[in-house]
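Student: I've got a new fold open and I'd like to practise reading it. Could you walk me through it feature by feature?

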Amino acid sequence: MRFQNKKLSIIIPVFNEEETIEKIVKLVFEANVLGLEKQIIVVDDGSTDSTKGILTELKDRFNLILVNLGKNQGKGAAIRAGLEYANGDLVV
């Protein structure tokens with residue numbers, strides 16, 4: 001299968017991930033995706049710790065699309081919210 005000129009949308013739902021979110025985003029950003037363009041969408045599902053602030057700091061560095069649900073609605077809701085922003089040929 002050829003992936004030339006294709007985009008991969010990656011949705012990352014998060015909730016209170018202040019200890020790990022920077023490492024996760026960096027690993028996803030640096031991951032080999034066989035030449036696909038990456039779109040990284042991080043959906044904050046109502047975090048009450050400093051996750052939201054950390055993501056704001058990482059946004060430009062890793063070219064993130066940030067979605068904030070405001071209150072915790074669950075992983076399914078976070079994925080559905082992320083899908084609204086996904087414009088890749090493939091979505092994970």
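Tutor: Sure. Start with pairing: two strands count as paired if DSSP finds at least two bridges between them. Keep in mind that this is a predicted model.

Student: Okay, how many bridges join strand 1 to strand 2, and do they run parallel or antiparallel?

Tutor: Strand 1 (residues 7-14) and strand 2 run parallel, joined by eight bridges. If you want one pair to click on, take Pro13, whose bridge partner in strand 2 is Val43.

Student: And what pairs with strand 2 besides that?

Tutor: Strand 3 (residues 64-68) does, again in the parallel sense, over five bridges. Here you can look at Asp44, which has Asn68 as its bridge partner in strand 3.

Student: Is strand 2 mostly covered or mostly open?

Tutor: Mostly covered: strand 2 spans residues 37-44, and six of those eight residues are buried.

Student: What do the connections between these strands look like?

Tutor: For handedness, point the strands away from you and follow the path over the helix; clockwise is right-handed. Strand 1, helix 1 (residues 21-30) and strand 2 form a right-handed β-α-β unit. Strand 2, helix 2 (residues 51-58) and strand 3 form a right-handed one as well.

Student: How should I describe the way two helices pack?

Tutor: In general, you give the angle between the axes and the distance between them. In this model, the axes of helix 1 and helix 2 come within 10 Å and cross at roughly 35 degrees. The contact involves Ile21, Glu22 and Val25 from helix 1, and Ile54, Leu55 and Leu58 from helix 2. As for the hand, helix 1 passes helix 2 in a right-handed crossing.

Student: Which residues have the most contacts inside the largest nonpolar core?

Tutor: A core here is a set of buried nonpolar residues joined through their side chains. The largest has 16 residues, and Ile12, Val25, Val42 and Leu64 have the most contacts inside it. Strand 1, helix 1, strand 2 and helix 2 each supply at least two of its residues, with strand 1 giving the most, four. Beyond four places in sequence, Ile12 touches residues including Ile24, Val28 and Ile40. There's also a second, separate core of seven residues, among them Val43, Val67, Leu69 and Ala78.

Student: Last one: why is Lys75 classed as exposed?

Tutor: The cut-off is over 50% relative accessible area. Lys75 has 62%, so it's exposed. This residue sits in helix 3 (residues 75-83). Leaving aside neighbours within four places in sequence, Lys75 is in contact with Pro13 and Asp45.

Technical notes: Residues numbered from 1 in each chain as written. Predicted model: local features only at pLDDT ≥ 70, side-chain atom pairs only at ≥ 80, totals over all residues. Heavy atoms only, no water. Buried < 20%, exposed > 50% of the residue type's maximum accessible area, 1.4 Å probe, protein only. Core = buried A, V, L, I, M, F, W, Y, C linked by side-chain atoms within 4.5 Å. Contact = heavy atoms within 4.5 Å. Axes fitted to C-alpha atoms, helices over the stretch in contact; angles between N-to-C directions. Left-handed = near helix turned anticlockwise from the far one by under 90°.
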